[in-house]
Amino acid sequence: MTPDTFPSLFWSYTAVWVVLSVYIVTIGIRVAKVEKTLLQSKESRDDAPTSAV
């Protein structure tokens with residue numbers, strides 16, 4: 001490996017880490033949205049009147 005290839009190696013690793021970080025943040029946002037939806041669904045189900053049979 002010649003010294004002039006190290007900058008491209010650095011930028012390649014940097015690109016991989018940036019893409020991986022963006023992916024993890026995106027997954028975190030999606031999970032938060034799903035949790036919020038489930039919580040709202042549970043709250044609306046708990047607030048619904050129950051019929052006495």
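Thr26 sits in helix 1, and that is a good place to start a walk through this predicted model. The side chain of Thr26 turns back to the backbone, reaching the backbone oxygen of Val22 at 2.8 Å. With a relative accessible area of 31%, Thr26 is partly exposed, because that value lies between the 20% and 50% cut-offs.

**The overall fold**

Helix 1 spans residues 6–47. What else is there by way of secondary structure? The protein chain has 1 helix and 0 strands. How many residues does the chain have, and what share of them count as buried? The chain has 53 residues, and 0% of them count as buried. Its accessible surface comes to about 5,200 Å², and 69% of this area belongs to carbon and sulfur atoms.

**A nonpolar patch**

Part of that surface can be described by name. Phe6, Leu9, Tyr13, Trp17, Leu20, Tyr23, Ile24, Ile27 and Val31 together make a nonpolar surface patch of about 920 Å². Tyr23, one of these patch residues, belongs to helix 1. Is Tyr23 buried or exposed? Tyr23 has a relative accessible area of 52%, so it passes the 50% cut-off and is exposed.

**An aromatic pair**

The structure also holds 1 aromatic pair. The partners are Phe10 and Trp11, whose ring centres are 4.9 Å apart; their planes meet at 70°, so the pair is edge-to-face. As for accessibility, Phe10 is partly exposed at 48%, while Trp11 counts as exposed at 57%.

**Accessibility side by side**

Here are the residues discussed above, for easy reference while you look at the model.

| Residue | Relative accessible area | Class |
|---|---|---|
| Phe10 | 48% | partly exposed |
| Trp11 | 57% | exposed |
| Tyr23 | 52% | exposed |
| Thr26 | 31% | partly exposed |

To view these features together, you might begin with the contact from Thr26 to the backbone oxygen of Val22, then turn to the patch that includes Tyr23 and Ile24, and finish with the edge-to-face rings of Phe10 and Trp11.

Technical notes. Residues are numbered from 1 along each chain as its sequence is written. This is a predicted model: local features need pLDDT of at least 70, side-chain atom pairs count only at pLDDT 80 or more; totals for chains, interfaces and linings use all residues. Side-chain values use heavy atoms; hydrogens and water are left out. Patches are made of residues with over 30% relative accessible area and no salt bridge: like charges are joined within 9 Å, nonpolar side chains (Val, Leu, Ile, Met, Phe, Trp, Tyr) within 5 Å. Accessible areas come from the Shrake-Rupley method with a 1.4 Å probe; for residues, only the protein chains shown count as cover. A salt bridge is a side-chain nitrogen of Lys or Arg within 4 Å of a carboxyl oxygen of Asp or Glu. Helices (H or I, at least four residues) and strands (E, at least two) are DSSP runs, numbered from the N terminus. Buried means under 20% relative accessible area, exposed over 50%, partly exposed in between (1.4 Å probe, protein chains only). Rings of Phe, Tyr and Trp (its six-membered ring) pair if their centres lie within 6.5 Å; planes under 30 degrees apart count as stacked, over 60 as edge-to-face and the rest as tilted. A polar contact is a pair of N or O atoms within 3.5 Å; within protein, one must be able to donate a hydrogen and the other to accept it, and residues adjacent in sequence count only if both atoms are side-chain atoms.
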